[in-house]
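Please open the model in your viewer and keep the sequence panel beside it. The stops below are meant to be taken in order, with one selection at a time.

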Amino acid sequence: MQKDLLVEKIRAMGVVGAGGAGFPTHVKFNTSCEVFIVNGAECEPLLASDKYLLEKETNKLIKALEIIRAACQVRHCVIAVKEKNINLVNHLASALKGKSIDLFLLKNFYPAGDEQVLVHEITGKVVPEGAIPLKIGCVVSNVETIKNIYDAVKHNHPVISRYLTCTGEVKNPSIIQAKIGMSIRDIMQLCGGVLTDDPVVLIGGPLMGYIEKDLDAPVTKLTSGVIILAKNHPLVASKTKTLSTIIRQSKAACCQCTYCTELCPRYLLGHNLEPHKIMRQINLGLDIPENVIENAQLCSECGLCEAYACIMNLSPRMVNQTIKKSFVEKGFKPQFSDKKTKVREMRDYRKIPSHRLLSRLQLANYKRVPSSKFIETHPKKVELLLTQHIGVPAQPLVKINDRVAEGDLVAEIAEGKLGARHHASISGKVILVDEERIIISQK
Ligand code: SF4
Ligand code: SF4
């Protein structure tokens, strides 16, 4: 298949990066690359849907990779998974026999799935500061994105569902193929209901996820996990701290121990990100060179400093995230040179084992969801957000009282802008359209 056709199919079927950021995949794939990496690390504790897809949809993934390899002139195709998943490793090794796709085994550390960490583990190279992996000839893609590309190319099937892990304080933790737009409340019910009186919902993984207070909030193309916690779980307290609390506590408690820097995965790759200096600036306003603050842009928001490194329970991650947001609002783009960075010598000894992280987060009691616990979904109502991706919101193509069939295009990319299309995930009647959403009901 020609690259143009591949890119067009991906665009038409509304595929976005399912790994978290939601970058429109048709833009990412409009290129050639030397190394194409499927990110099967799934390094956020408790999440399991990528492993499920790697095990159950292996042939689709391999076929999609063969299409991508030919279209984008890829020289080296790699699927990266953690070596601890022995059954999955054996399954993939046997499925990949005779194929020109390599299997790369990662150690069990966090964040093995950070795309810049992954690129270094596989190629030995470091993505320059402020650049994307393509700068050194690599493209990294999430497992579900590849499956969605297969469905788009082979069956003209749009993205109308999302594989996610629902676990924590629910009766039957499960992998769920959730229709886009169904509610978190429905997901919890499908898992047999909650086991705690005061459930708190964490969307995504324990490190990078966020607390969702609205149980009627919809699943989007980016919802990788729904983790139910008891209200008194320490992670809830840490995730609900406000920036002003972090800053107040930081002024009193940050002892400049530098652990947040010494364990930061991006610092260890050789990037000039030193969160302890950013915290010092926030706390004391000392005369620190401007570029120290600008380097907050290099933060991946992996959350290791907040969840593991900081002995004072402070959150350099949140501080960096806020600085990055303010750069975007002000239209300021810090400039980084393309100079090669040298990996820090201690890197290999400072990778944080995932099981230690799980214990530190007090999540070790929640076992991994087995792939036999799988649920398909048939919601009666869905709420499709017009922003489920990086870029501008999609523009609705339907109006109230229109009837739509499952898979119909309901929102288009704004002319000339970065964005993604969205499709009806159920058949029914449009009952609401506004600037933020389209609601479809079967009634
Ligand atoms: S969140 Fe913390 S540990 Fe992770 S990249 Fe940013 S500063 Fe480093
Ligand atoms: S780890 Fe915590 S206490 Fe130590 S320098 Fe970083 S923010 Fe300050």
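The tour goes from the sheet to the helices that lie across it, and then to one residue in another helix.

This is a predicted model, in which local features need pLDDT of at least 70 and side-chain atom pairs count only at pLDDT 80 or more, while totals for chains, interfaces and linings use all residues. Residues are numbered from 1 along each chain as its sequence is written, and chains are lettered from A and ligands numbered from 1 in the order in which they are written.

**The sheet**

Begin with the open sheet of four strands, whose order is S3-S2-S1-S5 and whose pairing is parallel. Helices (H or I, at least four residues) and strands (E, at least two) are DSSP runs, numbered from the N terminus, and two strands pair if DSSP finds at least two bridges between them. Select residues 101-106 for strand S3 and 138-142 for strand S5, the edge strands, each of which pairs on one side only. From one strand to the next, the twist averages 25 degrees; axes here are lines fitted to C-alpha atoms, for helices over the stretch in contact, and angles run from 0 to 180 degrees between N-to-C directions.

Next, select residues 76-82, strand S2, which pairs with S3 in the parallel sense over six bridges. Within this pairing, Val 78 stands opposite Asp 102 in S3.

**Strand S1**

Move on to strand S1, residues 35-40, which is joined to S2 by six bridges and runs parallel to that strand; look here for Val 38 opposite Ile 79 in S2. Towards S5, five bridges join the parallel strands, and Asn 39 has Asn 142 as its bridge partner.

How many of the six residues of S1 are buried? Six of the six are, so the strand is largely enclosed by the rest of the structure, where buried means that 20 or more other C-beta atoms, placed from the backbone, lie within 10 Å of a residue's own (exposed is 12 or fewer, partly exposed in between). Colour Val 35, Ile 37 and Asn 39 on one side, then Phe 36, Val 38 and Gly 40 on the other, to see that both faces are covered.

**The helices**

Now add helix H5, residues 86-95, which lies across S2 and S3 and runs at about 160 degrees to S2. Helix H7, residues 143-155, lies across S1 and S5, running at about 85 degrees to S5.

Finally, select Lys 3 in helix H1, residues 3-12. Lys 3 counts as partly exposed because it has 16 C-beta neighbours inside 10 Å.

How values were computed. Contact = placed C-beta atoms within 7 Å.
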